[in-house]
Amino acid sequence: MSKRVAAVVGTAVALVAAVPATATAGAGAASAGPPVGATSLSWSAVLVDGSGVAQTGRPLTAGWAVIGDRAPRFGSVRNTGTAALTGQTYTASVNGLLASPVRVDACVGAAWNTTANTCAGTVTTLVTSAAGTGSPATALAVGGQLGIRISLTGALSGTTNATVGVSVANGAHVRAATTTNS
Amino acid sequence: MPNHALPVPHRRRSPWRPIALAAIAVSAVVAVGGGVWATLSATTANGTPEQVTTGTLKLAMAANGSGFDQAIANMAPGDVVNRYVDLTSGGTLDAQALTLQVAATGSAGLVTDGATTRALRVTVRQCANGTWTPATGLCGGSATTLLGPVPLSTLASAQSLIPGVVAAGAVQRLQISVQLPDQTETTVNGVLPAATIQGLTANLTYTFAETQRTATTTNS
């Protein structure tokens, strides 16, 4: 193809490309500049074990394998969503030979002293294995976390394996819907 | 006295002579013939040129408040975000068939419903004989719903807002509502549910369009 022919073809292609495919005679249009972004919140909480490992996708487990070991286990619950949480729902269950019931408490406003087993803030019970589920109104800011303690509550116990889960639902644990004008 | 006349010099004829004679003859025929075929004619024209102009069709959008310049962040189910724009049909021609089309890209969960009613929805309301107050969402005139609520997927094609005439110079004062339908999701142990509505982003481009009034035939 000669340069002249190539130039002519190139010009024709450019002209075709320049004409909008949807161009309509006698039509006017107005559109916004850059697209408007609309994003949705996420609500999520995860339990973290005493080593700092987030138990994403699974419940937190705590075990007492030695008879006579009644020391509490510590961990935390962390807000991993983009919405502040007004509460959470916890589940707790135990199994094992002569398993003891457990109670899960949070230390609100302070951190657990794991050595002394004390809380300088307010101790709030999140759930007991006897009840199975609990829905405390413990607020969690975005990225925030709350220390928890899992304690055996039975007078006697053999081996106990406790399982604690957490869930959040927007209908119960996220701010109410709003209407915004701007 | 002897008549010794001098010989008459012989004049040589120019070789162009026949050609010249022929040209003269042709010219004569043409002149005579022209006279034979002449016709009478007469013309007239308007003294002042008739001016013909074409109308214009323009549609302009201006924000009333934040408009579409400000992103909508962190929507929770049930949230409604209202934005306000003024559309001016600024040409010299009347228009008709005002429509809205929204090009949406990004997360499919916010754009397409499928068999659900979970994706974003858009409602368009008009404030006639008054203006919207963006801070309060109040209409100083008469508020009417022009469209919706419809899911974004419906707005992939142009939807009618005003099917009839839009007068030249008219301003449509619109409220555009974006709503995330109320729905409940539970996140267990930090894992979002399948096909979640959470943490998604959609990018919306609003295009308003109108066409010229119906063409007319005028006698005057």
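How many bridges join strand 5 (residues 73–79) of chain A to strand 12 (residues 145–152) of chain A? In this predicted model, the count is six, and the two strands run antiparallel. One of the pairs along the way puts Arg78(A), in strand 5, across from its bridge partner Gln145(A) in strand 12 of chain A. Both strands belong to an open sheet of five strands in chain A, ordered 3-5-12-7-10 and paired in the antiparallel sense. Strand 3 and strand 10 (122–128) sit at the edges; each has a single partner strand, so one side of each is left without a neighbour in the sheet. From one strand to the next, the twist averages 30 degrees. As a general point, side chains in a regular strand alternate between the two faces of the sheet.

Strand 13 (residues 160–169) of chain A has several pairings of its own. Strand 4 (residues 60–64) of chain A runs antiparallel to strand 13 and is joined to it by five bridges, with Leu60(A) standing opposite Val164(A). Strand 6 (residues 89–95) of chain A is also antiparallel to strand 13, this time through seven bridges, and here Tyr90(A) has Val166(A) as its bridge partner. Strand 13 then reaches across to the other chain: it pairs with strand 11 (residues 186–188) of chain B over three bridges, again antiparallel. In that pairing, Ala169(A) is matched with Thr186(B).

Two of the residues just named turn up again around Val104(A). Leaving aside residues up to four places away in sequence, Val104(A) touches Tyr90(A) and Val164(A), along with Ala92(A), Leu126(A), Val127(A), Ile148(A) and Ile150(A). The largest nonpolar core has 75 residues, and Val104(A) is among the members that touch the most others, together with Ala38(A), Leu152(B) and Ala202(B).

As for the contact between the chains, 44 residues come from chain A and 59 residues from chain B. On the chain A side, at least two residues each are supplied by strand 1, strand 2 (36–40), strand 3 (45–48), strand 13, helix 2 (170–173) and strand 14 (179–181). That side divides into 20 nonpolar, 22 polar and two charged residues. Strand 2 of chain A is joined to strand 12 (residues 201–212) of chain B by four bridges, and the two run antiparallel; Gly37(A), for one, stands opposite Asn203(B).

Ala27(A), in strand 1 (residues 27–31) of chain A, touches Ala209(B) and Thr211(B), not counting residues up to four places away in sequence. Ala27(A) counts as partly exposed because 16 other C-beta atoms lie within 10 Å. Ala27(A) and Val104(A) are 77 residues apart in sequence, and their C-alpha atoms are 67 Å apart in space.

Chain B also offers a few backbone details. The peptide bond from Gly148(B) to Pro149(B) is cis, with omega near 5 degrees, and Pro149(B) lies in strand 8 (residues 142–151) of chain B. Two asparagines have positive phi values: near 60 degrees for Asn129(B) and near 50 degrees for Asn189(B). Asn129(B) is in the loop between strand 5 (121–128) and strand 6 (132–133) of chain B, while Asn189(B) is in the loop between strand 11 and strand 12 of chain B. Asn129(B) has 9 C-beta neighbours inside 10 Å and so counts as exposed. Asn189(B), by contrast, is buried because 20 other C-beta atoms lie within 10 Å.

Notes: Residues numbered from 1 in each chain as written. Chains lettered and ligands numbered in written order. Predicted model: local features only at pLDDT ≥ 70, side-chain atom pairs only at ≥ 80, totals over all residues. Buried ≥ 20, exposed ≤ 12 C-beta atoms within 10 Å, placed from the backbone. Contact = placed C-beta atoms within 7 Å. Pairing = 2+ DSSP bridges. Core = buried A, V, L, I, M, F, W, Y, C linked by C-beta atoms within 7 Å. Nonpolar A, V, L, I, M, F, W, Y, C, P; charged D, E, K, R; others polar. Axes fitted to C-alpha atoms, helices over the stretch in contact; angles between N-to-C directions.
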